Amino acid sequence: MARVLTPRAEDFPRWYQDLIAKAKLADNGPVRGTMVIRPAGYAIWERMQAEMDARIKAAGAENAYFPLFIPESYLKREAEHVEGFSPELAVVTHGGGKQLAEPVVVRPTSETVIGEFMAKWIDSYRDLPLLLNQWANVVRWELRPRIFLRTSEFLWQEGHTAHATRDDARAYARRILHEAYEDLMVNVLGIPVVVGLKTARERFAGATATYTCEGMMGDGKALQLGTSHELGQNFAKAFDISYSSAEGGRENAWTTSWGTSTRMLGGLIMCHGDDNGLRVPPKLAPVQAYVMIVKDGEGVSEAAGKLCDALRDAGVRVALDDRTDTAFGRRAVDAELRGYPVRVEVGPRDLAAGNAVVVRRTDGSKAPTPVADVVGAVLAALDADQRALHDQALEFRRSRTVEVSTLAEAIEASADGWARVPWSAVGVEGEAEANGQGVTVRCLVRADGSVPDSEDEPDLVAILARAY
């Protein structure tokens, strides 16, 4: 297998690119910075989408769709927002063979266009809260692209809400952070995340507070996997998102926005992948059990088909590989690369003894199992390996996280892991110094690990790391 993928310890970025190519997850698009997501990769994204969509709807938001093109003047209404996104904008100046009267921006995010329509749709306090989400593509012109992690076009969901009070807006931004994002990442993706508050330097352009979920990758770097923002009344004032209160006055709404993207696929690869390829947590896996016919023989195809039916009836997502004209070793390597949680190998020799072989991707174990017991063995393996992947990632994060007391120690520790340091020992000036050495404050947390309301709270802990 070392010849199939560059070993992670030897060259982690090359391993990442090798895995994406060899597992047929994605390819580079024809325009620099774009990507083609292949069926194997898109199947995982669809599962992420379905799980996230269910959680967003459970929080009361409804799906809608807004235009890809946004008038340039919309972005200019919120000064900090346009300033933050200007270097990344793709602007269309011609259409239909003519110069446009006003340039249009290919959406980098939709606060401005959705704000325009919130102002149109909201009249009274009875219209609040307005809870919207959309699944879409966005464009941010990326100078240093890397598939799934940073591409000029990517897929995501973006939620946008309007509320009558600041407290209601904050509570909803936090609800999405924990009940949708953290829950999905921990319990489905198996990625332990630190949930915290971004510093003023790192917060979203135009926001008053940004909350984040940060995961540690297999090389010790951090990856921002999702963010939720309080926008205060900044966009409400810019777009006149106002409502008649119960007392009869006119008030500005309080708004939020929040998003996760195909970057989660990159995080999945870098958090759980090994030198044999991808390892997909069973709850997420499009194919949980991969039934493979080793070679033809009497009754083998029939036995494999019956096992597929029995697994499917037990609620397992299953696929059958009966390509006996392709060498079994090659097919097994491909299955390892794709990260199928469990393989069930059915061949004439094992079947003659009444067995099939159950192979677990997480630990590589192979167990001859009576055919009648295969379904139970697969279900037990799926349950155990969902926990195992999370626990392995959590233990790795613990082993690569150090407690320090000074900025210098935090920067040094960030060479191959994370540092926890008192925020009071860093501060705004220390953060700028760290940034100059390629280290960022990923988030701030309270001493008990909870999410602070402000970076001015006493006794906060800063998480410093190098990041993707």
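**Reading a domain interface**

Visitor: Where domain 1 and domain 3 meet, how many residue pairs are in polar contact?

Guide: This is a predicted model, and across that interface the rule picks out 10 residue pairs in polar contact, both partners at pLDDT 80 or more. On the domain 1 side, at least two touching residues each come from helix H6 (166-187) and strands S9 (193-197), S10 (209-216) and S11 (222-230). S10 gives the most, with five residues.

Visitor: What kinds of residues make up that side of domain 1?

Guide: Nine are charged, eight nonpolar and seven polar.

Visitor: How many salt bridges cross between domain 1 and domain 3?

Guide: The rule finds three. Take Arg174 and Asp453: they form a salt bridge with their closest N and O atoms 2.5 Å apart.

Visitor: And how do I read the size of an interface?

Guide: People often quote the accessible area lost when the parts come together. Here, domain 1 and domain 3 bury about 1800 Å² between them, with 56% of that on carbon and sulfur atoms. Of the area domain 1 buries against domain 3, Leu197, Thr199 and Arg201 supply 31%, more than any other three residues. If you'd rather count contacts, 24 residues of domain 1 touch 22 of domain 3.

Visitor: Which stretches of the chain are these domains?

Guide: The domain assignment gives 12-272 for domain 1, 289-386 for domain 2 and 404-466 for domain 3. The C-alpha centres of domain 1 and domain 3 are 25 Å apart. Separately, an unreviewed UniProt entry lists residues 32-281 as "Aminoacyl-transfer RNA synthetases class-II family profile"; that span is 32% helix and 32% strand.

Definitions and conventions:
Residues numbered from 1 in each chain as written. Predicted model: local features only at pLDDT ≥ 70, side-chain atom pairs only at ≥ 80, totals over all residues. Heavy atoms only, no water. UniProt positions renumbered as here; feature names shortened; annotations may be inferred. Helix = DSSP H or I, 4+ residues; strand = E, 2+ residues; numbered from the N terminus. Domains from an automatic or database assignment. Contact = heavy atoms within 4.5 Å. Buried area = accessible area lost by both parts, 1.4 Å probe. Salt bridge = Lys/Arg side-chain N within 4 Å of Asp/Glu carboxyl O. Polar contact = N/O pair within 3.5 Å; in protein donor to acceptor, adjacent residues only side chain to side chain. Nonpolar A, V, L, I, M, F, W, Y, C, P; charged D, E, K, R; others polar.
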